[in-house]
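Subject: The structure you asked to look at

Hi,

Here is the structure for you to open, and my notes come straight after it. Have it on screen while you read, and click on the residues as they come up.

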Amino acid sequence: MNEKMKVLIVEPWKRPYAAEIPAGLESLQKMVGGLIQAVYPFEDAVALICNDEGKLLGLPLNRPLYDKDGEMYDILVGTFLVVGLTEDDFGSLPEEMIEKYTEAFSRGFVI
């Protein structure tokens, strides 16, 4: 498969950046360093792809997740990706979502 998908890469304590990666499970696993877990904390058609065992492995803290009342309910660890959603799979993140989530995940976390 030669398809590529555009994603937002969010490394701990660094500014998020967009990149094109090969589409498919192996590529996603390589980017997060292990088995993947998809998290859907937003109303947008996006998923956060993170390492399923990141907390057990002691990966570095990355970004908090907040509920609608502004209360932190979880924290992501290790590198994670923001990807778009298609009808039945993960896909490229549209440019407006890249801009939105780059700004959202940049606040207070840039070295």
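To start: which residue follows α1, and what is the sign of its phi? The residue is Gly33, and its phi is positive, near 75°. Before we go on, please keep in mind that this is a predicted model.

**The first helix**

Helix α1 runs over residues 25–32, and Ser27, Leu28 and Val32 are its buried residues. They sit on the same side of α1, because the arc they cover around the axis is only 125°. There is a general rule to remember when you look at a helix: an α-helix has 3.6 residues a turn, so residues three or four places apart point the same way.

What about the face turned away from the buried side of α1: which exposed residues does that face carry? You'll find Glu26 and Lys30 there.

The buried residues of α1 have plenty of partners. They pack against β1 (4–10), β2 (17–22) and β3 (36–39), and also against β4 (46–51), β7 (80–85) and β8 (90–91).

**β4 and the strands it pairs with**

Try colouring β4 next. How many of the six residues of β4 are buried? The count is six of six, so to speak a strand that is mostly covered.

β4 pairs with β3 in the antiparallel sense, over four bridges. In that pairing, Ala38 stands opposite Ile49 of β4. The link from β3 to β4 is a hairpin, with six residues joining them.

β4 also pairs with β7, again in the antiparallel sense and over four bridges. Here you can pick out Leu48, which stands opposite Val82 in β7. One more general point for looking at strands: in a regular strand the side chains alternate between the two faces of the sheet.

**The β5–β6 hairpin**

Now move along to β5 and β6. Strand β6 covers residues 72–77, and it pairs with β5 in the antiparallel sense over five bridges. Two of the bridge partners are easy to find: Tyr66 is matched with Met72 in β6, and Arg63 is matched with Leu76 in β6. The two strands form a hairpin with five residues between them, and Gly70 in the turn has a positive phi of about 80°.

Tyr66 deserves a click of its own. This residue is in strand β5. Leaving out residues up to four places away in sequence, Tyr66 touches Glu71, Met72 and Tyr73. Pro41 is 25 residues from Tyr66 in sequence, yet their C-alpha atoms are 8.7 Å apart in space.

**The largest pocket**

Tyr66 turns up here too. Which residues lie nearest the centre of the largest pocket? They are Phe42, Pro64, Tyr66, Ala104 and Phe105, out of 17 residues that line the pocket. The volume of the largest pocket is about 320 Å³. Both β5 (61–66) and α2 (95–106) supply at least two residues each to the lining. What kinds of residue make up that lining? Ten are nonpolar, seven are charged, and no polar ones are found.

**Ile98 in α2**

Helix α2 holds Ile98. Is Ile98 buried or exposed? Ile98 counts as buried because its relative accessibility is 5%, and the cut-off for buried is under 20%. Apart from its neighbours within four places in sequence, Ile98 is in contact with Lys6, Leu8, Ala18 and Leu93. Look at Leu8 in particular: Ile98 and Leu8 are 90 residues apart along the chain, and their C-alpha atoms are separated by 6.3 Å.

**The loop between β1 and β2**

Last stop. Trp13 is in the loop between β1 and β2, and so is Lys14. Trp13 is partly exposed, with a relative accessible area of 41%. Lys14 is partly exposed as well, at 43%.

What is the phi of Trp13? Its value is near 60°, which is positive, and this is a residue other than glycine. As for Lys14, its C-alpha atom is separated by 7.8 Å from that of Ser106, 92 residues away along the chain.

Have a click around, and write back if you get stuck.

Cheers

Technical notes
Residues are numbered from 1 along each chain as its sequence is written. This is a predicted model: local features need pLDDT of at least 70, side-chain atom pairs count only at pLDDT 80 or more; totals for chains, interfaces and linings use all residues. Side-chain values use heavy atoms; hydrogens and water are left out. Buried means under 20% relative accessible area, exposed over 50%, partly exposed in between (1.4 Å probe, protein chains only). The arc is that of the directions from the helix axis to the C-beta atoms. Contact means heavy atoms within 4.5 Å. Two strands pair if DSSP finds at least two bridges between them. On a 1 Å grid over the protein atoms alone, a cavity is a set of points where a 1.4 Å probe fits but cannot get out, and a pocket is an open set with protein on both sides within 12 Å along at least five of seven lines; lining residues have an atom within 4 Å of a point. Grid points are joined across faces, edges and corners, and a volume is the space filled by probe spheres set on the points. Ala, Val, Leu, Ile, Met, Phe, Trp, Tyr, Cys and Pro count as nonpolar, Asp, Glu, Lys and Arg as charged, and the others, Gly among them, as polar.
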